[in-house]
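I opened this notebook to keep track of what I looked up, contact by contact. The entries below follow the order in which I went through the model.

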Amino acid sequence: MRLQQDVNAPQRTLNDLPEFNFTWEDIDGGKYIPKIVDFSLEHGSIFRFRIEQLNGPLTGIMLVGPDANRFVFNTQRQAFSHEQGWTPILGGMVGRGLINMDDPDHAVHRKMWNPAFTTDVMQAYIPVLHRIIAQKIETYAQQPHINTHVESQEITFDVAAAALAGIQQGPVLDRLRALFWRMLHADDINSEDDYLAMMSEVQGEMVPMLIGLIEERRSRPPSTKDVLSQIVHAEFEDGSKLDNIQILGHLNVLLLAGHETTTSLSSWLIYQLATLEDHWAELQTEVDEVLADIPIGQTDAGFPADKLRKLVKLENFIKETGRLYSPVFQVPRILLEDVVYEDVLIPAGTRARLSLAATHMNPEIFSQPESFDPERFAPPRREDRARPYSLVTFGGGPRMCIGINFAMFEVKILAAQILRHYQLEAVSRPDKVHVGYWNSAPKYPLEVAFRPR
């Protein structure tokens, strides 16, 4: 891979690249990522893509693999615009937040966020995470079965709202959860006009609620108990503070990014626990040994951070779930300047897609990638470390997801709570089809029954 531009080297143009064609049927049928993998194995880590849309074809370049991940996430990251890539997709939902900012704005605003996302602060949220997760799971044991994706969305949204935004359970939280679900899962929308009408209606109700929450936080003294409070009171170097619209963008990102991808990861995690009996036995043994001082059935007892860190087999199980069922399939970028990658001149203005999920399913990176094998992350194999930027569930480089520690604590607590206190049974065993374009979800309902141990 050529990390720096070399103007004297022979260069191919984009027209010299093969073109990858796919359809919306491929996306809906779970064939999108396998097709990218096959195409990249045959043609290399950079190629053009094309998909037909109602208003004409969408074209650009696709980048795949660890070297491409390093190039986009690290060595040439300033050339790949988050703002121009993400804003046309998410801007109407979230406004402007960390996810769709470029430097220098991103660096300034991330510096405001950093104190709220240190490991110590994240550990302080563990009791909140445990309380919400324990309360939710107790209700599952009273039902014949649950849909893991629907229920995981409720858990992860409530966790993000409470720990990150300080929104406590009640009518406001219930309504915000429903509004976000409507925005993200509007399966009944069949036209752009209907979508715009839906978004206008949702935001007409949601924005005043969130602005009211921001004003309420502004009236209180600064607190370390939720991220929103710290952002509201953060100051620029000149002493000025963010205005309500700027904070609204950050709050939307907290609630959206803080739950949507973790929903996908959690829903598959629960289903894998219910269906992979050999792994279940091994993980339950580990959890029972580490949490032996917490009686089975005492679901209100929290799990200290030091004990969560000892659940190494469980952590590898979570990593493997995130690899096999990537919560984010790809990320969009627009080139701000000319760059050269693999002797290909990519001109400014080019639309780019970085396929994270295709890297995870590449047999040259991960052996037998379609098999569920958490031991691939344990010594001596450590397949994710053999080539840097191979496992990119939470992105990579200086702009790796700021909430990675929060997400791992959350999913570990969820799994440990289940393993210590419950037994699972898969009620339905559908094909494990994973679908999506940006974020992802199970194609078929994953239904699981919870029973106290």
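**Entry 1: a salt bridge between two strands**

I began with E19, which forms a salt bridge with R48, the closest N and O atoms being 3.6 Å apart. Because E19 lies in strand β1 and R48 in strand β2 (residues 46-51), I noted that the pair ties together parts that are 29 residues apart in sequence. I should record here that this is a predicted model, and that every value I write down is computed from it.

I then asked myself whether E19 and R48 are buried or exposed. E19 is partly exposed, with a relative accessible area of 28%, and R48 counts as partly exposed too, at 23% relative accessibility; for R48 I kept in mind that the buried class covers values under 20%.

**Entry 2: N21 in the same strand**

I moved along to N21, whose place is in strand β1 (residues 19-21). The side chain of N21 makes a polar contact with the side chain of E19, at 3.4 Å, and E19 is also the residue that I had found in the salt bridge with R48. N21 counts as partly exposed because its relative accessibility is 45%. I also looked up its distance to F49, and found that the C-alpha atoms of N21 and F49 are separated by 5.9 Å, although the two residues are 28 residues apart along the chain.

**Entry 3: two further salt bridges**

How many salt bridges does the structure hold? I found 25, and I wrote out two more of them.

The side chains of K443 and D28 meet in a salt bridge at 3.3 Å, N to O. K443 lies in the loop between β12 (440-442) and β13 (447-452), and D28 lies in helix α1 (residues 24-28), so this pair ties together parts that are 415 residues apart in sequence. K443 counts as partly exposed at 30% relative accessibility, and D28 counts as partly exposed at 48%.

The side chains of R177 and D174 meet in a salt bridge at 3.0 Å, N to O. Here both residues lie in helix α9 (residues 171-184), three residues apart, which I noted as about one turn of the helix. R177 is buried, with a relative accessible area of 11%, whereas D174 is partly exposed, with 39%.

**Entry 4: a network, and a charge over a ring**

Which residues are linked in a network of salt bridges? I listed E320, R323, D373, R376, R381 and E383. From this list I followed R323, which lies over the face of F366, at 5.5 Å from the ring centre.

**Entry 5: aromatic residues**

A search of the whole structure gave me 22 aromatic pairs. One aromatic cluster is formed by F20, F22, W24, Y32, F39, F47, F49, W86, Y437 and W438; among them is F49, the residue I had already noted for its C-alpha distance to N21.

**Entry 6: the cavity**

Last, I looked for enclosed space, and the count comes to one cavity of 30 Å³ or more. The volume of the largest cavity is about 70 Å³. Which residues line the largest cavity? I wrote down H279, E282, L283, K313, N316, F317, P374 and E375, and added that α14 (277-290) and α16 (312-324) each supply at least two residues of this lining.

How values were computed:
Residues are numbered from 1 along each chain as its sequence is written. This is a predicted model: local features need pLDDT of at least 70, side-chain atom pairs count only at pLDDT 80 or more; totals for chains, interfaces and linings use all residues. Side-chain values use heavy atoms; hydrogens and water are left out. Helices (H or I, at least four residues) and strands (E, at least two) are DSSP runs, numbered from the N terminus. Buried means under 20% relative accessible area, exposed over 50%, partly exposed in between (1.4 Å probe, protein chains only). A polar contact is a pair of N or O atoms within 3.5 Å; within protein, one must be able to donate a hydrogen and the other to accept it, and residues adjacent in sequence count only if both atoms are side-chain atoms. A salt bridge is a side-chain nitrogen of Lys or Arg within 4 Å of a carboxyl oxygen of Asp or Glu. Rings of Phe, Tyr and Trp (its six-membered ring) pair if their centres lie within 6.5 Å; planes under 30 degrees apart count as stacked, over 60 as edge-to-face and the rest as tilted. A charge sits over a ring if NZ of Lys or CZ of Arg is within 6 Å of the ring centre and within 35 degrees of the ring normal. On a 1 Å grid over the protein atoms alone, a cavity is a set of points where a 1.4 Å probe fits but cannot get out, and a pocket is an open set with protein on both sides within 12 Å along at least five of seven lines; lining residues have an atom within 4 Å of a point. Grid points are joined across faces, edges and corners, and a volume is the space filled by probe spheres set on the points.
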